[in-house]
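Me: I am new to protein structures and would like a close look at a single part of this one. Could you walk me through it slowly, in one connected answer?

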Amino acid sequence: MGKEFVFLLLGISAGAIIAFVAGYILARSKADRRQAMFQVEIDELLQANEELEQELRPLKRRFKELESTLNQEYVEKASLLERLKHLGDIRRELEHERTINQKLNERIAELEQMIGKLEAQMASDAENIERQLDQIEDMKRKITRVVEEALAEAKKAS
């Protein structure tokens, strides 16, 4: 019974080894198939990625063009903003000059009124002086007449 038992154990061991090897081979082939499937999926994904990159290249170029245009428009708008600020400064200066001109015109009007008043005063003074001169002339004539009369009487008396 010892030999049969040994053969039985050898048979069981051989069967276990065969089953193990067969399981290993099956597992290995299953793993190889999975790896092959994964490799196919990876290859498909890489191909799709390459196709997407091909499609993205013109979009990237267009994006760069749009970005350049946007930057150019930004520079133009910044330039326009500077010009607007400059125009605002000029407008403020013009308003200031307009205010100064308005004040000068008011002052000129005041001076013209003063000149008009002075001219009227001078005309009035000139009339008064003329009247006074006429009065002085009259007095001079009267004095001259009185003196001539006195001289004539003095001549008659002498």
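What follows is a friendly tour of helix α1, with its charges and its surface.

Reply: Happy to help! Please keep in mind that this is a predicted model, and that the values below are computed from it.

Let's begin with the overall picture. How many helices and strands does the protein have? It has one helix and zero strands. The radius of gyration is 65 Å, well over the 15 Å that the globule rule gives for 158 residues, so the protein is more spread out than a compact globule. You can see this in the box that the C-alpha atoms fill, too: along the principal axes it is roughly 215 × 35 × 15 Å. The helix itself, α1, covers residues 2-157.

Next, think about what is covered and what is open. Buried residues make up 1% of the 158 residues. The accessible surface of the protein comes to about 15100 Å², and carbon and sulfur atoms account for 62% of that area.

Now for the charges. The protein carries 26 positive and 31 negative side chains. The centres of these two sets lie 4 Å apart.

Some of the charged side chains pair up, and the structure holds seven salt bridges. Let's visit three of them, going along the helix.

One of them joins R28 to D32, with the closest N and O atoms 3.9 Å apart. Why is about one helical turn the separation between R28 and D32? Because they are four residues apart in helix α1. R28 has a relative accessible area of 46%, so it is partly exposed. D32 is partly exposed as well, with a relative accessible area of 35%.

Another salt bridge brings together the side chains of K85 and E82, at 3.9 Å from N to O. Both residues lie in helix α1, three residues apart, which is about one turn of the helix. K85 counts as partly exposed because its relative accessibility is 46%.

A further salt bridge links R107 with E110, and here the closest N and O atoms are 3.1 Å apart. These two are three residues apart in helix α1, so about one helical turn separates R107 from E110. With 43% relative accessibility, R107 counts as partly exposed. E110 also counts as partly exposed, at 38% relative accessibility.

Finally, let's look at side chains that gather in patches on the surface. I17, F20, V21, Y24 and I25 make a nonpolar surface patch of about 560 Å². I25, one of its members, lies in helix α1.

There is also a patch of negative charge on the surface, where E50, E51, E53 and E55 gather. E53 is found in helix α1. Is E53 buried or partly exposed? Its relative accessibility is 35%, so E53 counts as partly exposed.

A positive surface patch is formed by R57, K60, R61 and K64. K64 belongs to helix α1. Since the cut-off for exposed is over 50% relative accessible area, K64 counts as exposed at 58%.

To put the picture together: the protein has one helix and zero strands, and its surface includes a nonpolar patch, a negative patch and a positive patch. The structure also holds seven salt bridges, among them the pair R28 and D32, the pair K85 and E82, and the pair R107 and E110.

Methods:
Residues numbered from 1 in each chain as written. Predicted model: local features only at pLDDT ≥ 70, side-chain atom pairs only at ≥ 80, totals over all residues. Heavy atoms only, no water. Patch = residues over 30% accessible without salt bridge, like charges linked within 9 Å, V, L, I, M, F, W, Y side chains within 5 Å. Areas by Shrake-Rupley, 256 points an atom, 1.4 Å probe, with all protein chains shown as cover. Salt bridge = Lys/Arg side-chain N within 4 Å of Asp/Glu carboxyl O. Lys, Arg positive; Asp, Glu negative; His and termini not counted. Charge placed at Lys NZ, Arg CZ, Asp CG, Glu CD. Buried < 20%, exposed > 50% of the residue type's maximum accessible area, 1.4 Å probe, protein only. Rg over C-alpha atoms; globule rule 2.2 N^0.38 Å.
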